[in-house]
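Colleague: I'm new to reading protein structures, and I'd love a close look at one single part. Could you pick a strand and walk me through its surroundings?

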Amino acid sequence: MLGEAAPRRKSTLRADAEPHPASRSWPAEIAALRGHFPDGMLRRAQRRAHRLGIGADEVLLHAGLAEPEELAAAFAAHLGLPLADPSAPLRLAPEQAPSAIRTGLITEPFPEGPHHIVAPRGKDVRRLARALAENPARAHRMSLTSPEALRDRLGKHARIPLAHAAAYELKDTEPHLSAATVPRGFALGLPLALAGLIFFSAWLFAPALAQLVSMCLLSLLFLCAMGLRLAGCMIPPHPDPPPRMEDRHLPVYTVIVPLYREAVMLPRLEAALRALDYPPEKLDIKLVVEPDDPETRDAILRRALPPSFETIVAPPVGPRTKPKALNAALPFARGKFIAVFDAEDIPDPGQLRAALAAFERGGNRVACVQARLAMDNAQDSWISRHFALEYCGQFDVLLPALAALRLPILLGGTSNHFRRAALERAGGWDPYNVTEDADLGLRLARMGWDIEVIASDTLEEAPVTTRAWLRQRTRWMKGWAQTIMVHGRNPRRFLRDLGPHCAAAAALLTISPFAAMLVHPISLAVLLGDLWRGTLGSPATSTVEALTYALSYVNLMFGYVAAIIIALVGLWRRRRLSAAPVLLTLPAYWLLQSVAIWRALVDLVVDPYRWDKTEHGLARRRQTQPVKGSGAARPQRRPASALH
């Protein structure tokens, strides 16, 4: 784990500012710093600390006016404790490291009794001072360090078990919920080949019956799925009430951003995260990089990011995927709530507060809050226009409706806000599923948790070339296939976990789009063939043929109409109906989706865990103004040194 300290900055407060009344009696963390900093600066820091409900030392640290080790040395001298030797080997079982990271306390067994290495900050310094005043003998069994040094030592000490947990914990503890245990390679390819052989044999020897049975089953699946999606258009969106939580009651919020070859995106990312309307003292931002990506790591070091940013290197074990990187950061997260963003994201500055308000409204049953994703470079190309329309239907129509109906939600890959306790109870992310968001949404639903959707936007970059889109969509469809196999391998248990109506909705949301895109080229070919031969609408030779053709045309036309209606509703809600003409080319876009799904099936057999990265920073035009109907805007840099 690499942590970079911010350069010192000058305070922007007036020296003659009137101190808060509480500053007239110095708390322990301020008393320890007297003589190291001017009293006027300490009073101003204490005034801001009182407003935020934290320690004044945390204000000084995040303003760039103090260094972690400088604070630790001052606290040790004030409390009469020795500083811990950072080079000494730790007498601690590596498996206990995650708990020690979270509590900021290492307990080492010695023959004469346990020795404690403490890493206090803020109000914890006061608690420690009171404990030592009540029992001074405790000081003989303690040494002190900074939280940053403690996390660094524990990360190195428990490097192997932490790496193993990030890559294999879900597979080891809940194998039936991990994509690592689904068939792959020959074990998967053989059943797929046999299923294809049986299917084509049925069409060869009993074509009428095979057509009728296939079309009846597919029609039932498609029509129910389209009905569910169209029902979402009938549920009006409700604006989120304004957040009510005061700054002093805000919890520490962890933001995890996995990065791979994203050096070019760092300035934009830093600006977006600095613009978040949240006290920087209560932000815990983890940038997760890969061990073979020195360019991104060097770019992070050159930016001299503030103390709220910390860099974590993902372990070089297991599959190299985004979910494994997220798991690697989870033990080091300090927040009770965790948000996930991508490198190109620009979240609405008020999104963290809006998510907390949703958690508060929903109570302890809410495990996750999904913000809405919007493309801010939709006009770059034909493929980016369709991508943006797809997201309008997904995030402005379908997901809010599913949340209102308390149905399972397949999460988007970014702007997920988690209750940490629920996330850990669910086993974190599955490193072997390349669409970890959809899988985690279903897993949370199976455990009885709710997911809310908020109107806060995150601006994203859509793929601008067909090749980039195809690579990304192939990975998504491969992950959806993994998710279907993981959660569908035991239908009885799946039904018991979710209940009949939620299980049916989950099946429609996962299986229907996959099956629809698989057979879409066949249906379109039949229609075009009839048009070419002039046989469209001619009398059928049998009842079976008439029913089969009727179902084919109804499915195809109803699918197009439903998709167009959902997209139009999404565009109307965003006040962007001017983008609707591109829907005329929807059949071509669906054909590309079919290509992606067939590629995904091949990839699922050949290389199921390969993560095809989406390149960012290729957009020709990205918006500088908020998306209409959204509160998201291009972030403005906020001075980190303000102690007011």
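Modeller: Happy to! Let's start with one pair of residues: Met-375 stands opposite Glu-460 in β11. Please keep in mind throughout that this is a predicted model. Met-375 belongs to the strand we'll follow, β9, which covers residues 366-375. Go to the other end of β9 and you find Val-366, standing opposite Asp-450 in β11. Strand β11 covers residues 450-460, and eight bridges join it to β9, with the two strands running parallel.

Now turn to another partner of β9. Strand β10 pairs with β9 in the antiparallel sense, over three bridges. For an example of this pairing, look at Val-369, whose bridge partner in β10 is His-417. It may help to know that strands of a sheet pair through backbone hydrogen bonds, and that they can do so either parallel or antiparallel.

Let's step back to the whole sheet. Eight strands form an open sheet, and their order is β6-β5-β4-β7-β10-β9-β11-β8, with mixed pairing. At the edges stand β6 (309-313) and β8 (346-347); each has a single partner strand, so one side of each is left without a neighbour in the sheet. In the order of strands, β9 sits between β10 and β11. How many of the residues of β9 are buried? The count is 10 of the 10, so the strand is largely enclosed by the rest of the structure.

One residue is a nice guide to these surroundings: Thr-414. You'll find Thr-414 in the loop between α15 (382-404) and β10 (416-419). Is Thr-414 buried or exposed? Its relative accessibility is 1%, and buried means under 20%, so Thr-414 counts as buried. Setting aside neighbours within four places in sequence, Thr-414 is in contact with several residues, among them Gln-370, Leu-373 and Glu-460. Gln-370 and Leu-373 fall within β9 (residues 366-375), while Glu-460 is the residue in β11 that stands opposite Met-375, where we began. The contacts of Thr-414 also include Val-340, Phe-341, Asp-342 and Asp-345. With Asp-345 there is something extra to see: the side chains of Thr-414 and Asp-345 make a polar contact at 2.3 Å.

Key
Residues are numbered from 1 along each chain as its sequence is written. This is a predicted model: local features need pLDDT of at least 70, side-chain atom pairs count only at pLDDT 80 or more; totals for chains, interfaces and linings use all residues. Side-chain values use heavy atoms; hydrogens and water are left out. Helices (H or I, at least four residues) and strands (E, at least two) are DSSP runs, numbered from the N terminus. Buried means under 20% relative accessible area, exposed over 50%, partly exposed in between (1.4 Å probe, protein chains only). A polar contact is a pair of N or O atoms within 3.5 Å; within protein, one must be able to donate a hydrogen and the other to accept it, and residues adjacent in sequence count only if both atoms are side-chain atoms. Contact means heavy atoms within 4.5 Å. Two strands pair if DSSP finds at least two bridges between them.
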